[in-house]
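Today I am opening my notebook to look for empty space in a protein. Come along and read over my shoulder.

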Amino acid sequence: MREILFATRNTKKLLELKRLMRNSGVKVLSLDMFKDIGEVREDRSTFRGNAVKKAEQISKIVGKLVLSDDSGLEVPALGYAPGVRSARYAGLSQNDDKNIAKLLKNMLVFTAGKRRARFRCFICISFAGKAIKVVSGAVYGRIALERAGANGFGYDSVFIPEGSNKTFAQISPGRKDAISHRAIALEKAKVFILEYFRKCHL
């Protein structure tokens, strides 16, 4: 069977990839299925660096194609913070509520024109400890004045994509899949994965 390990324990991220790979003939596995694999420290200074490090290290352990992502929110008015520290913006607890509260507090002084933001995602696909493909995606928008919506995760409840008046958390998962930074990067990754398996006749 064609299989790819998504190097994440984030259920919502995993579901995004599974939805995208549905009916493709590729089974998506998660790290929860490999209890002996520990956490990889994401200590690189870029999203790309973190994605590559994680995919390469984990693919050394498992004899499968490994996909890893690193993504986050960048706000120009805050010097492109939270950036690679998006998940730990309010501290090491990786608490979405605290991260959002800190972001909204830091954005209080900025008017509409200064609330621009973008989500970025880098995905690395690796095999046997070597990166064989890196793709990326980005979506632009602005930071809302307050939280809205119950869908999604991370900063979704305060990010309004361009051309919309709703946050990511207010739109359906299917709609988000079509326009999000991760969806854009995952679609590129899907094209590569299917071609990889085709060439390998797996």
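**Entry: the largest pocket.** I looked up its volume and found about 890 Å³ of space. I keep in mind that this is a predicted model.

Next I asked which residues lie closest to the centre of this pocket. Of the 34 that line the largest pocket, those closest to its centre are N10, K13, E42, A87 and Q94.

Then I turned to the helices and strands. I noted that α2 (47-59), β3 (65-75), α3 (96-106) and α5 (181-200) each bring at least two residues to the lining of the largest pocket. Which of them gives the most? I found that β3 does, with four residues.

I also sorted the lining of the largest pocket by class. I wrote down 13 charged residues, eleven nonpolar and ten polar.

**Entry: the second largest pocket.** Here I read a volume of about 160 Å³. I listed 13 lining residues, and those nearest the centre of this pocket are K12, R19, G152, F153 and P173.

Where does the lining come from? I saw that α1 (11-20) and α4 (173-179) each supply at least two residues to the second largest pocket. The largest share comes from α1, which gives four residues.

How many residues of each class line the second largest pocket? I recorded five nonpolar, five charged and three polar.

**Note to self.** I like how this kind of search works: rolling a probe the size of a water molecule over the atoms shows where empty space is left.

Technical notes. Residues numbered from 1 in each chain as written. Predicted model: local features only at pLDDT ≥ 70, side-chain atom pairs only at ≥ 80, totals over all residues. Heavy atoms only, no water. 1 Å grid on protein atoms, 1.4 Å probe; cavity = no way out; pocket = protein on both sides within 12 Å on 5 of 7 lines; lining within 4 Å. Points joined across faces, edges and corners; volume = space filled by probe spheres on them. Nonpolar A, V, L, I, M, F, W, Y, C, P; charged D, E, K, R; others polar.
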